Amino acid sequence: MFNLQQYTAITFRLPVQCVWLKLNGSWPFVPSSRKDNSSMCSILYTAWAWYVIVSVGITIGFQTAYLVTHLSDIIMTTENCCTTFMGALNFVRLLHLRFNQRKFRQLIEQFERDIWIPENTHISVNAECHKRMFTFTIMTGLLSCLICMYCALPLVEIFFRTGVDAVEKPFPYKMLFPYDPYSSWMRYVFTYMFTSYAGICVVTTLFAEDSIFGFFITYTCGQFRLLHERVDNVLTAAKERADEQHLQLQRLHNIVHQHNKIIRFAKCLEDFFNPILLVNLMISSLLICMVGFQIITGKNMFIGEYVKFIVYISSAISQLYVLCENGDALIIHSTNTARHLYGCDWENPDIRNFYSYTSMSHQLRNDLKFMILCSQRPVRITAFKFSTLSLQSFTAILSTSMSYFTLLRSLYYEDQL
């Protein structure tokens with residue numbers, strides 16, 4: 001059902017976080033050879049996927065109702081917006097993955113065919129790719145701690161502050177329900193478990209989708225490094241054989257072909273992820289601002305709440321930084337191709353004399369010039385063409401968050417006067 005062997009010739013190891021995409025119903029379903037079993041599994045898996053989407057949507061509705069009724073309270077509003085906006089972001093992610101199953105599967109197939117670097121070949125490049133994925137492990141750990149705290153802290157508060165006999169018991173998030181969840185223990189437990197699991201689906205989808213996005217970019221950068229090695233050696237042994245000109249020209253054409261495959265994959269990657277990236281960049285500045293505001297202005301807050309918000313802002317900043325840093329790495333690796341092409345020793349006097357005054361040498365030089373020209377245009381990932389994923393975007397978002405934070409703090413202190 002999920003095995004890549006069913007539609008690829010060579011298996012490869014995806015990030016472990018992708019397990020959560022499968023559990024949340026967001027992984028592209030692959031039909032098996034048995035039609036009856038495949039049809040039944042597909043129906044059940046699709047039903048589960050829509051249950052996850054609906055449960056997240058209902059939970060966001062409960063949070064939005066609470067937000068609307070407490071708009072006059074800036075503390076309550078900002079606290080509620082933190083979870084509501086994150087839920088809305090990943091609700092959009094879940095819908096996007098559900099409605100683009102075929103494109104997602106085709107993207108994975110294209111990655112396996114054109115980008116994947118097997119572990120038994122190019123060991124150093126593969127090890128570097130593994131090393132770069134460690135940042136996503138850190139981000140996953142922070143977000144996992146965050147959702148655990150949201151789900152566990154209300155229980156701690158029940159047993160150590162309000163008591164199990166309290167009329168109104170806390171939930172993982174601030175919510176307003178169309179029914180009375182406190183009328184019985186059964187109703188309270190069901191509501192608590194329903195909303196908690198919706199939050200788990202939100203956070204796990206966030207770090208799982210970001211991890212596979214970073215996985216694709218990391219190995220795309222690895223392919224650029226391999227391409228640079230081939231470029232550096234394209235004109236070696238130019239004087240060893242009489243037919244070396246033809247061989248070098250063929251090598252260059254192979255490099256051009258591989259370069260085009262990398263660019264095509266990056267374009268498909270951008271086309272698939274850029275709607276999500278746009279929503280992510282738009283919401284990130286608000287989230288960072290509001291969580292920072294909660295940390296600074298929170299009064300009489302349970303110590304666990306302070307820790308929760310510190311973990312929240314750390315995870316939000318790290319998630320944004322990891323995405324922007326990977327986008328910046330792709331830009332750097334793609335533009336370095338032109339530098340490697342220019343420095344491939346074509347100006348060496350021995351090579352220049354060897355290639356002089358032949359039609360093949362003229363074609364080789366023209367191909368080099370054209371490829372240098374094309375490589376000067378960076379391969380980049382955009383947020384629906386509005387912004388480029390780079391460290392410059394990261395600093396701009398942080399600057400915007402600080403501006404929002406200053407505005408919120410001034411409004412808050414004006415209300416206190």
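**Notebook: helices, core and cysteines**

**Entry 1, helix H5.** I began with helix H5, residues 123–132, where Val125, Asn126, Cys129 and Arg132 are buried. I then looked down the axis of H5: the buried residues fall within an arc of 120°, so they line one face of the helix. On the face turned away from that buried side I found the exposed residues Ile123, Ser124 and Lys131. I next asked which helices the buried residues of H5 pack against. They pack against helix H6 (134–162), helix H7 (185–232) and helix H9 (303–342). I note that the model is a predicted one.

**Entry 2, Ile200.** I moved to helix H7, in which Ile200 has its place. I recorded Ile200 as partly exposed because its relative accessibility is 25%, and the range for that class runs from 20% to 50%. Setting aside neighbours within four places in sequence, I listed the contacts of Ile200 as Trp20, Ile147 and Cys151. Trp20 and Ile200 are 180 residues apart along the chain, yet I found their C-alpha atoms separated by 9.8 Å.

**Entry 3, the nonpolar core.** I looked up the largest nonpolar core and found that it has 111 residues. The residues with the most contacts inside this core are Trp27, Ile212, Phe213, Phe216, Leu269 and Phe273. I also noted that H7 gives the largest share of the core, 20 residues. I then took Ile212 and asked which residues it touches, not counting those up to four places away in sequence. Ile212 touches Leu14, Pro15, Cys18, Leu21, Trp27, Phe104 and Phe273.

**Entry 4, cysteines.** I searched for disulfides, and the count came to zero. I checked Cys221, which is in no disulfide: the nearest cysteine sulfur, that of Cys129, is 7.9 Å away, whereas a disulfide calls for sulfur atoms within 2.5 Å. I recorded Cys129 earlier among the buried residues of H5. Is Cys221 buried or exposed? I entered Cys221 as buried, because its relative accessibility is 1%. Cys268, with a relative accessible area of 32%, went down as partly exposed.

**Entry 5, the UniProt record.** I consulted the unreviewed UniProt entry, which places the feature "transmembrane region" at residues 43–68, 74–95, 133–156, 185–208, 272–296, 302–324 and 386–407. I examined two of these spans in the model. Residues 133–156 are 96% helix and 0% strand, and their end C-alpha atoms lie 34 Å apart. For residues 302–324 I noted 96% helix and 0% strand, with the end C-alpha atoms 34 Å apart.

Conventions:
Residues are numbered from 1 along each chain as its sequence is written. This is a predicted model: local features need pLDDT of at least 70, side-chain atom pairs count only at pLDDT 80 or more; totals for chains, interfaces and linings use all residues. Side-chain values use heavy atoms; hydrogens and water are left out. Buried means under 20% relative accessible area, exposed over 50%, partly exposed in between (1.4 Å probe, protein chains only). Helices (H or I, at least four residues) and strands (E, at least two) are DSSP runs, numbered from the N terminus. The arc is that of the directions from the helix axis to the C-beta atoms. Contact means heavy atoms within 4.5 Å. UniProt positions are given in the numbering used here, feature names are shortened, and annotations may be inferred rather than shown by experiment. A nonpolar core is a set of buried Ala, Val, Leu, Ile, Met, Phe, Trp, Tyr and Cys residues joined through side-chain atoms within 4.5 Å.
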